[in-house]
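Trainee: I would like to work through this model with you, one question at a time, and hear the reasoning behind each answer.

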Amino acid sequence: MTSLKSSLTHRRQTQQLLRVEQADWLLEAGLVRAHRQLHEDDAYTGETWSVGDAIRGGDPAEIEIEVTRDDSSKDSLTVHVTARLGQDEPQNPHRIQRSQTWQIASTF
C-alpha cells in the first residue's frame with residue numbers, strides 16, 4: 001500500500017512539473033506572438049489568445065499579452081505576458097498561472 005501511495009504521489013508531482021513547463025512554453029509563445037504582431041503592426045497593444053486546442057490533455061489555456069510603450073524611451077517597449085493553464089475554478093489546485101515581463105527594442 002505504501003509503494004502504491006508513493007507511486008501515485010510521484011506521478012502527480014511529475015504531472016504538475018510538466019504543467020509548469022507547459023505554462024513556461026506558453027509564456028515564450030506569447031512573447032514570440034507579440035514580437036510578430038509588432039513587426040506587422042506597430043500599434044499593436046496586446047490581446048488574449050486562447051490556445052487550449054494546442055495543449056496536450058485538452059486543458060483550457062490562454063495567453064494574455066500586454067504591450068506598453070515607455071514614455072521616457074521611444075526605443076523601448078514593455079511586453080507583459082500571462083499564461084494560464086487549467087480550469088478557472090476556485091477549488092482547482094491544478095490551475096497554473098505564470099507571468100513574465102520583457103523589455104524589447106521598438107525598432108523593427
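Trainee: Is Glu 64 buried, partly exposed or exposed?
Mentor: Bear in mind that this is a predicted model. The relative accessible area that decides the class must be under 20% for buried and over 50% for exposed, with partly exposed in between. Because the value for Glu 64 is 30%, the class is partly exposed.

Trainee: Which residue forms a salt bridge with Glu 64, and which residues are joined into one network by salt bridges that share partners?
Mentor: Side chains of opposite charge can pair when their charged atoms come close. For Glu 64 the partner is Arg 84, with 3.2 Å between the closest N and O atoms, and this pair links strand β2, where Glu 64 lies, to strand β3, where Arg 84 lies, across 20 residues of sequence. Arg 84 also forms a salt bridge with Glu 62, at 3.1 Å between the closest N and O atoms. Through these shared partners the network consists of Glu 62, Glu 64 and Arg 84.

Trainee: Is Arg 84 buried or exposed?
Mentor: Glu 62, one of the salt-bridge partners of Arg 84, is partly exposed at 29% relative accessible area. Arg 84 has a relative accessibility of 15%, and because the cut-off for burial is under 20%, Arg 84 counts as buried.

Trainee: Which parts of the chain are tied together by the salt bridge between Glu 47 and Arg 33?
Mentor: The two side chains meet at 3.0 Å, taken from N to O, and Arg 33 is itself partly exposed, with a relative accessible area of 25%. Because Glu 47 and Arg 33 lie in separate elements, 14 residues apart in sequence, the pair ties together strand β1 and helix α1.

Trainee: What is the order of the strands in the open sheet, and which strands are at its edges?
Mentor: The sheet has four strands with antiparallel pairing, in the order β1-β2-β3-β4. An edge strand pairs on one side only, which is the case for β1 (46–50) and β4 (96–105).

Trainee: In β4, which residue is the bridge partner of His 80?
Mentor: Strand β3 covers residues 76–85 and runs antiparallel to β4, the two being joined by ten bridges. For His 80, the bridge partner in β4 is Thr 101.

Trainee: Which residues make the nonpolar surface patch of about 360 Å²?
Mentor: One of them is Met 1, placed in the segment before α1 (2–40) and exposed at 82% relative accessible area. The full set making the patch is Met 1, Leu 4 and Leu 8.

Technical notes: Residues are numbered from 1 along each chain as its sequence is written. This is a predicted model: local features need pLDDT of at least 70, side-chain atom pairs count only at pLDDT 80 or more; totals for chains, interfaces and linings use all residues. Side-chain values use heavy atoms; hydrogens and water are left out. Two strands pair if DSSP finds at least two bridges between them. Patches are made of residues with over 30% relative accessible area and no salt bridge: like charges are joined within 9 Å, nonpolar side chains (Val, Leu, Ile, Met, Phe, Trp, Tyr) within 5 Å. Accessible areas come from the Shrake-Rupley method with a 1.4 Å probe; for residues, only the protein chains shown count as cover. A salt bridge is a side-chain nitrogen of Lys or Arg within 4 Å of a carboxyl oxygen of Asp or Glu. Buried means under 20% relative accessible area, exposed over 50%, partly exposed in between (1.4 Å probe, protein chains only).
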